[in-house]
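Got your viewer open? Let's take a short tour, one selection at a time.

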Amino acid sequence: MTTRENVSSRLSKLMLNNASSSNTPTTPAANPKSMVQSPTSPGEQSELNQLKRDADPQFSRFADYFVICGLDLDTGLEPDRFAGDNLHCSPLDRAYKSKPLAHYPENVAWNPFDAHGICMLSLPQGLRFRTQKHNIEPKFHSFATTREDGKRCYGFSLVFYEEIRNRNICGAIHTLQSMFITELSNGQQAHSLSRVKQDGPVSRSLPRHFKVAGQAPQSAQSYYDISKDKLFVAKSISLICQAPYAFAAQIFLKNLYRCLPRQPGAGISLESYVYNILYEVMLPQPGKSIRVYLPPMEPHLPAIAVILQRPALATELPLLDFPLRLLFSYLGVECVIQLLTCVLLESQVLLRSTDYQRLMIVGECITSLLFPFIWPHVYAPILPAALHHFLDAPVPFVMGLHAECEAAHKIGSEAVLCFVDIDKKHIQLPEELPVFPHKMDFMAEIISVLDKFEIERDRAHEPTLKNGYVVRGAGGGVADAMISSCTLPNGLQAARRSKERFHQLQETVYTLQSSGGFVGGSPTQLPGVDYQPLVAHPSKIDHVPRIADFLRRKGGMRANQAGGSPVGSPTLSLSSSPVGIYHDVDAVDATLPPSRMGSLSRRGEKPTLNIVEQYYQDLRINNSLREIFLNRFAHMFHAYEHFVIHPNQAKDEWLSNRETLQNFDKSSFLSDQPEHHRAFLARFLESQMFATLIDNKILAMWEPLPDEQLQLFDQRIKLLRRRHGENMICTTSYEPCVVSQDSQQYFEKRLNCIDIEVTPPSEILSNRAAYFRSFPLLEKGVLNQECASRSLN
C-alpha cells in the first residue's frame, strides 16, 4: 500500500463519534452554539493533525493561496494598455494596472504562483476608480485557468472598493480629468462651431454632458470633484484552489470582508481565518464528507458550519458545485439545449454578460452537462482584455466577455459562432445547426424536474405539456414531429395504455406496501430494498411517477410524525433501487424538521431555506438534472461498444499510430440510428470529445485502472441492458430517466454521517489590531508554510 493510500485509509477510519447527534433532527445552521463545539476528542484531533502532515497537500488542501490585489502606492498609476483606448474616456472610466499586493504562502511546489494571471483574473476589468455616486457594493466572481497539462485550476475573488486617502493619487486623478476635459472641450469647439445656434455656447471648462446630470446621469458619474467627492479604488481578495467548491469560497471571502474590524470589538483576527482555510481545512476524500467552519456575517457571531462532500469515483457523477438552477434561470430550457448542441459539436461559443459570475456559472454548468464527454479545447469563461486576441484563433472555444467590452459587440454581430447574451436570454446559432435528438421530449423531461423544484425561469419558448406529454400542433407551438415520438394517445391505443398503467400501478403499490415502504418503513432498510415493478416500457408509465410521488409524500409525512425518519434523510422512495422510477425531487421535504414541514403544508407556503440549506438543495437539483443528461447519452450510445475497432497490435505501437487508425465504425453505427437523428450524430462522431472517449475505451484494454468517467458511463449502459435485455436495439421512442443509481441516497448519507470535522478557526495572533480603515496586508510570519507545519506538532 502506498503512502497516499495509507493516509486515505486512516482518514476513512477517523469517523466522528457522534451517533447521538446524527439522530437528532437539527441542521448545522439551526443551532449556532453547537456549530463551534467539535465532537472530536483530543486524541482524535491529534491523529487528524498527524494525517494532515502525512497527506499529500496537493490533494488534501482546500486552498493553495490567499491573494490580495489592488493599487500599489509605490509604483503609482499605470494605464492598462490592454484595456483599450484609455485616452478618449474619463479617468474614472479608464483601467489601470493592478498589482498583487500580497499572497500567502509565498509558493507551493505543485502550483507555482502566477502573479500576472491571477491578478488579471481577480480584477478582470483592471484597476478602476469610483466615487460615492457609483455603486460600490462588493461583487464576487469565480474564474478558471487551464494548465499546460490540461488540468483546471480555480480561483474565487471578491472585488470591493476602498476610499483613497493618499493625496498624490487623488491629485493625479484630478489632473488627468482636467487634461481630459480640456482636450474634449478643444475638440468639441472646432466641431460644433457650425451648430452654435442650435446648441448654445460651448463650455471651455466642462463638457455639456457632464453638467446636465438629469439628461446623462452616467456621464455625470464620471466626473470627480476633488473638493466634494470621495475617491474609491478597486481591491480584491482571492482564493486559488484545486477543487471548485464555489459556495464555501464565496461565503469565506464575503464574510471575511465583513469581519474586517472597523472598530474595536469582539472577534478574531483576519489571519486566523486565513490560516484556517489554508492549512486546517482539508478536501474530502472521494465518497466522504467533511464539516468546515467559515467566517460569520458579523465578527461577534459564531462560525458558519458547512458540509463539503465529494462524490465517489466511478460510481457517481463528478463534483459540480455551481448551481444548474441558475443556468436554467438565466437562459431557459430551450436556450440551454441549443447551447449544449453547439458545445457538443465543438463550435466556437462566446458568452456575454455584465456579471462575471454569470459567465462562470454558464461555462461551468454547460461543460459539466457534457458528461461522460470532456471539453478538450480552449476554455476561458472569463477572458481578460489582455487575451482578446484569442478570439481570432480558428479553433473551438468556450469564452466569456464582459458586456462593456467592445469586442463582445463586434464579434457577436459579425462572427459566425454561437453567441449567447446571458442577460438578454438570447442565443445566436451557427448556420446549419442540426437538432438535438428528441429535443422536445428531452426538454419536457427537464421541465418536469424544474417545475417540481419550483425553479423560476423564462417559459416563453418551453413546449406545452399535458399529462406529461408534449402537445403538438398550433396549440402547443410545436410543429417538428420528426424530433419526437411522444404524442397524445387516443382511441383503442389510449384505452390499452390506461389498462396497462393501472396494472403497473397496482404492482408498484403492492410491492411498496409489502416491503414496508410507506407503512412504518424505516430508512435503515434502504440498502436492502429492491423495488422492481413490472414495467414493460418507460413511455407507458407517465402517470405512475406522479401517483408514486403522492404516496411517497404521504408515507414520508406519516413516518416523520411517528419519529421514524431523521432530518436530512429522504423518505423511502421508488428511486431507492437500481431500477427505480423517476427522480427523488422532493428531497427538500426530507431535509426539513417534521414540525416545520407540517406547519408549512397546513398554510400552503413554500419553505424558506437559508443559504446553507439552499446550497444542499442546489446539489440535489444538480444531481436530478445531470442524471437526465447522462441518461440521454447512455440511450444514444448504448451500443457504441459493438462499433469500437479494437487494435491487434501492442499498446506502444497503437499509441504511435492512433492518429492514422480508424477506431470506430461510424457508418455502421449511423445506419442503426433513426434517420432524423443522423445529422447531429454524424457531426458529433467527428468531434474530439467522442474520439477521446473511444481512445479511453481502447486504452482500458491495457490499463489496470480505466478512466473513472468511462467506467461510470459503461455501468449506466449495463443497467439499461439489464432492463431491456442484452440484445436491446435502438428505439425511436423517447426513454425518460428511470434509474437513480442511488446517487441521491449517497449524497444524503454524506450529509448525515460526517466523516471528518475541521476545528473551527481560533486566534493565532498574540496581539491583534483593534480596527482597520481598509483591508490590510496580513502577518506573513504566521501564514507561511513553514510556520503552519510547525504549529501542528
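Start by selecting Ile304, Val306 and Leu308: these sit on one side of strand S8, and they are buried. Now add Ala305, Ile307 and Gln309, which are on the other side and are buried too, so both faces of S8 are covered. Why does that pattern go back and forth? In a regular strand, side chains alternate between the two faces of the sheet. Keep in mind that you're looking at a predicted model.

Color residues 304-309 in one go, and you have the whole of S8: six of its six residues are buried, so the strand is largely enclosed by the rest of the structure.

Next, pick residues 289-294. This is strand S7, joined to S8 by six bridges, and the two run antiparallel. Click on Tyr293 and look across: Ala305 in S8 stands opposite.

Time to move on to another sheet. What is the order of the strands in this open sheet of five? The order is S10-S11-S9-S12-S13, with mixed pairing. Select 378-380 (S10) and 426-428 (S13) to see the edges; each has a single partner strand, so one side of each is left without a neighbour in the sheet. On average, neighbouring strands here are turned by 20° against each other, ignoring direction.

Zoom in on residues 418-421, strand S12, which pairs with S13 in the antiparallel sense over three bridges. Asp421 is a good one to click: His426 in S13 stands opposite.

Last stop: select residues 356-368. That's helix H15, packing on the sheet and touching S9 (348-353), S10 and S11 (397-402). The direction of H15 makes about 145° with that of S9.

Methods: Residues are numbered from 1 along each chain as its sequence is written. This is a predicted model: local features need pLDDT of at least 70, side-chain atom pairs count only at pLDDT 80 or more; totals for chains, interfaces and linings use all residues. Side-chain values use heavy atoms; hydrogens and water are left out. Buried means under 20% relative accessible area, exposed over 50%, partly exposed in between (1.4 Å probe, protein chains only). Helices (H or I, at least four residues) and strands (E, at least two) are DSSP runs, numbered from the N terminus. Two strands pair if DSSP finds at least two bridges between them. Axes are lines fitted to C-alpha atoms, for helices over the stretch in contact, and angles run from 0 to 180 degrees between N-to-C directions. Contact means heavy atoms within 4.5 Å.
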